[in-house]
Amino acid sequence: MLNKERDIRPIGYGAMLCEGLVGVMAIIAAAALSPGDYFAINTSPPVYATLGMSPVNLDTLQHEVGEIVAGRPGGAVSLAVGMAQIFSSLPGMRGLMDYWYHFAIMFEALFILPTIDAGTRVGRFVIQEFGGRVWKPFGRADWMPGSIISTSMVVLGWAYFIYTGNISTIWPMFGIANQLLASVALALGTTVIINIGRAKYAWVTFLPLCFVTATTLTAGFLSVRDNFWPMATGADDAIHIQGYVNTICTLIMMGCVFIILTAAARRWLRIATGQIPAIELVEARESA
C-alpha cells in the first residue's frame, strides 16, 4: 500500500516509535494513579473486595471526569483517567479534567480503529483468495461484488463479536498475536544481521527478542490456563465452543512462533560454527 519503496523505513519505523510512545504513556498514566484507585478501576467489585485495598482518590476522580470509572477493566479507562490527572495538573488546566478524560478516550478509540481497519482488509483478502480457488472471479481484487461480499462477511463477524460480548475474550488473544508478530520480526532482523556477517551487532535485536518472546509466551500460557481453557471446560455450555476456539488458536500461534524461532536459532548456530558462510555485506548489496 506504499507508493515508493523508500517510504517503508520512515513509515514502518515511525509507526513503531509512536506505538512505543503510547506504551510509555500508558505506564506513566498507570503510575500516576494510587494502587488502590488503579485496581478499583481495573477489577470488578467482587474481585476488588478480595484484594484488601481501599480507594484513595477514586470518588474525587469520578466527580471530576463526570463518569463512574470503578469496575471498568481493560486498561482504556485507567489510561484515560491517569492521562487526564496528569494533564489537569498543568498550569491553567485544573478545571479541564473531564475534557482531558474524554479526549484520551477518543484518542484510544482512534488508535484502535486503524487496527480494526487493517484487520478487515486482511480478512477480506483472505476470504477473496480462498473464494477464488472455488470461483476464479471472486479472487480478483478489482471485482466489486467480490470485494463487497468479502468485506461484509468480515464486518458482520466483527459485529457478531461485539454484539455477543465475545470481543472481551478475543482482545487478549489479539494482543498475544500482535506481540508474537514482533517476536518474529525481531528474529528475522537478527537473522539478517548475522547473515550479512555483522553478528557483533545482533544484540541490538536479540535482547528485545528475548524479552518480548519470554513475556508474550508466558502471557499466552497464562491466558490459556486461566482464561480460555476454563471457559472450554467450565459449567457454562454457552461458552464451551468459544473457549475451545480461543485455546486452539492461541496454541497454534504460539506453536508457529516457536517453530520460526527454532529455525532461526539453527541458522544462527550454523553460521556461528562455520557450517555455512555468512553473506558478505557487499554481496548482499549487489544481490539486492
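Contact here means heavy atoms within 4.5 Å. Keep that cut-off in mind as you move through this predicted model.

**Stop 1: the whole chain**

Start with everything shown as a cartoon. You should find 11 helices and zero strands, so if you colour by secondary structure, the pattern along the sequence reads α-α-α-α-α-α-α-α-α-α-α. Along its principal axes, the C-alpha trace spans about 65 × 50 × 45 Å.

Now turn on contacts between residues at least 6 apart in sequence: 57% of them join residues at least 24 apart.

**Stop 2: the surface**

Switch to a surface view. The protein exposes about 18,600 Å², and carbon and sulfur atoms supply 70% of that area. Of the 288 residues, 28% are buried.

Next, colour the charged side chains. There are 17 positive and 18 negative ones, and the centres of the two sets lie 14 Å apart.

**Stop 3: helix α2 and its partners**

Select residues 35-42, which make up helix α2. Which of its residues are buried? They are G36, D37, A40, I41 and N42. Show these as sticks and then bring in the helices around them: the buried residues of α2 pack against α3 (45-49), α4 (58-65) and α5.

**Stop 4: a nonpolar patch**

From α5, follow the chain onward. Helix α5 covers 76-87 and α6 covers 97-132, and L96 is found in the loop between them. Is L96 buried, partly exposed or exposed? With a relative accessible area of 34%, L96 is partly exposed, because that value falls between the 20% limit for buried and the 50% limit for exposed.

Add Y99, F103, M106, L110 and L113 to your selection. Together with L96, these residues form a nonpolar patch on the surface. The patch has about 560 Å² of accessible area in total.

**Stop 5: R267 in helix α10**

For the last stop, select residues 240-272, helix α10, and pick out R267 within that helix. R267 is partly exposed, at 31% relative accessible area.

What does R267 touch, leaving aside its neighbours within four places in sequence? The residues in contact with R267 are T191, N195 and I276. Show all three as sticks to see the surroundings of this side chain.

To finish, draw a distance from R267 to K4. These two residues are 263 residues apart along the chain, and their C-alpha atoms are separated by 32 Å.

Definitions and conventions:
Residues are numbered from 1 along each chain as its sequence is written. This is a predicted model: local features need pLDDT of at least 70, side-chain atom pairs count only at pLDDT 80 or more; totals for chains, interfaces and linings use all residues. Side-chain values use heavy atoms; hydrogens and water are left out. Helices (H or I, at least four residues) and strands (E, at least two) are DSSP runs, numbered from the N terminus. Buried means under 20% relative accessible area, exposed over 50%, partly exposed in between (1.4 Å probe, protein chains only). Accessible areas come from the Shrake-Rupley method with a 1.4 Å probe; for residues, only the protein chains shown count as cover. Lys and Arg count as positive and Asp and Glu as negative; His and the chain ends are not counted. The place of a charge is taken as NZ of Lys, CZ of Arg, CG of Asp or CD of Glu. Patches are made of residues with over 30% relative accessible area and no salt bridge: like charges are joined within 9 Å, nonpolar side chains (Val, Leu, Ile, Met, Phe, Trp, Tyr) within 5 Å. A salt bridge is a side-chain nitrogen of Lys or Arg within 4 Å of a carboxyl oxygen of Asp or Glu.
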